[in-house]
Structures are given as structure tokens and as C-alpha cells.
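Grab the viewer and work through these exercises one at a time. Try each task yourself before reading the solution below it.

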Amino acid sequence: MTDLEILQIAVKTLDEKKGQDLKIIKIDDVSSIANYFVLATGTSSAQVKTLADETEHKLEKAGVIPQRTENYRGADWVVLDYIDVVIHIFYKETRDFYDLERLWQDGEEIDTTKFLGKGKV
């Protein structure tokens, strides 16, 4: 499965489950750790876990298993690592505190509407 197909499934799922402030940052030009970061916010720890569970389920259904998952217990920041696409799902205060958008500001922000059926991928 391509990075764009993973992004399509992840962003659609996060949007359908009411994830907030969805962002995609293309980081392949500034780092070798991944090609893309997907960021989303949940309004509670329960929603963060639901967002992560549903995203992992939909990607698994499409034949993609995460290389690693992190922090399911705490559920204030869950990471789903698909090698080239890393999905970060935060509780709002945690996202504000770590501010990955600032840390990865040299990356290119990608318009998420392309992945929500509102534009071409």
C-alpha cells in the first residue's frame, strides 16, 4: 500500500470519528524517520483511544499493520507507526504542550481536504 493510500484511509477515518485539527506534515525532505506525520486531536482520553483503535482497524482491514504502537495505556498521545507514515493522536493539552507543528515547521503541510473526497489526491 502506498503512503498516499495510507494517508487517505487514516485521514478519512480520523475525520469520520470527529478527530479535530487534522494535519499532514510531509517530512521526507527534512528527516529520514518517516515521509509523513498525521496529527489529530481528541477531546478526551476515550476519544483519543477510539480514534487510534478505529484508524488501526481500518488500516489493518486494508492489509497494513503498524510496525509499532505507543502509549495506548495513557491515551493522551497515541502513536501508530506505519514506517513511512506515522500517526499521532493527541489529547488537546498534550498536543499543545509538545507542539509537533512547531518542531516540524520545516516540513511541508499537506492539505487534508485532498484525502476527504473534497479534492484530488
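**Exercise 1. Find the bridge partner of Val38 in β5, and work out how the two strands run.**

Step 1. Look across from Val38: its bridge partner in β5 is Ile87. Keep in mind that this is a predicted model.

Step 2. Now follow β2 and β5 along their length. They pair in the parallel sense, over 7 bridges.

Step 3. Check the residue numbers if you get lost: β2 covers 36–42 and β5 covers 85–91.

**Exercise 2. Place β5 against β4, then look at what joins them.**

Step 1. β4 and β5 pair in the antiparallel sense, with 6 bridges. One pair to pick out is Val78 with its bridge partner Ile89 in β5.

Step 2. Together β4 and β5 make a hairpin, with 2 residues between the strands. Ile83 sits in the turn and has a positive phi of about 65°.

Step 3. Asp84 is also in the loop between β4 and β5. Is Asp84 buried, exposed or partly exposed? Its relative accessible area is 32%. Buried would need under 20% and exposed over 50%, so Asp84 is partly exposed.

Step 4. See what Asp84 touches. Not counting residues up to four places away in sequence, the list is Asp3, Ala34, Asn35 and Tyr36. Another check on the chain start: the C-alpha atoms of Asp84 and Thr2 are separated by 9.3 Å, although these residues are 82 apart along the chain.

**Exercise 3. Write down the strand order of the whole sheet.**

Step 1. Add the pairs of β1. This strand pairs with β2 in the antiparallel sense over 5 bridges, and Gln20 stands opposite Thr41 in β2.

Step 2. β1 also pairs with β6 (residues 108–110), again antiparallel, over 3 bridges. Here Lys26 stands opposite Glu108 in β6.

Step 3. Put it all together: the sheet is open, has 6 strands and follows the order β3-β4-β5-β2-β1-β6, with mixed pairing. Which strands are at the edges? They are β3 (68–70) and β6, each pairing on one side only. From one strand to the next, the twist averages 20°.

Step 4. How enclosed is β5? Of its 7 residues, 6 are buried, so the rest of the structure largely encloses this strand.

**Exercise 4. Describe how α1 sits on the sheet and against α2.**

Step 1. α1 lies across β1, β2 and β5, and runs at about 5° to β2.

Step 2. Turn to the helix pair. α1 and α2 pack at an angle of about 145°, with 9 Å between their axes, and their crossing is right-handed.

Step 3. List the residues in the contact. From α1 come Ile6, Ile9, Ala10, Thr13, Leu14 and Glu16, while α2 supplies Leu51, Glu54, Thr55, Lys58 and Leu59.

Step 4. Sort them by type: 6 are nonpolar, 2 polar and 3 charged.

**Exercise 5. Identify the largest nonpolar core and the elements that build it.**

Step 1. This core has 24 residues. Those with the most contacts inside it are Leu14, Ile24, Val38, Val85, Ile87 and Ile89.

Step 2. Two or more residues each come from α1, β1, β2, α2, β4 and β5. The largest share, 5 residues, is from α1.

Step 3. There is also a second, separate core of 11 residues, including Ile25, Ile27, Trp77 and Val86.

**Exercise 6. Trace the contacts of Ile24, then follow one of them outward.**

Step 1. Skip the neighbours within four places in sequence. The contacts of Ile24 then include Leu7, Val11, Phe37, Val38, Ile110, Thr112 and Phe115.

Step 2. Pick Thr112, which you'll find in the segment after β6. Is Thr112 buried or exposed? With a relative accessibility of 14%, under the 20% cut-off, Thr112 counts as buried.

Step 3. Look back from the other side. With neighbours within four places left aside again, Thr112 is in contact with Val11, Leu22, Lys23 and Ile24.

Methods:
Residues are numbered from 1 along each chain as its sequence is written. This is a predicted model: local features need pLDDT of at least 70, side-chain atom pairs count only at pLDDT 80 or more; totals for chains, interfaces and linings use all residues. Side-chain values use heavy atoms; hydrogens and water are left out. A nonpolar core is a set of buried Ala, Val, Leu, Ile, Met, Phe, Trp, Tyr and Cys residues joined through side-chain atoms within 4.5 Å. Buried means under 20% relative accessible area, exposed over 50%, partly exposed in between (1.4 Å probe, protein chains only). Helices (H or I, at least four residues) and strands (E, at least two) are DSSP runs, numbered from the N terminus. Contact means heavy atoms within 4.5 Å. Two strands pair if DSSP finds at least two bridges between them. Axes are lines fitted to C-alpha atoms, for helices over the stretch in contact, and angles run from 0 to 180 degrees between N-to-C directions. A crossing is left-handed if the near helix is turned anticlockwise from the far one by less than a right angle, and right-handed if clockwise. Ala, Val, Leu, Ile, Met, Phe, Trp, Tyr, Cys and Pro count as nonpolar, Asp, Glu, Lys and Arg as charged, and the others, Gly among them, as polar.
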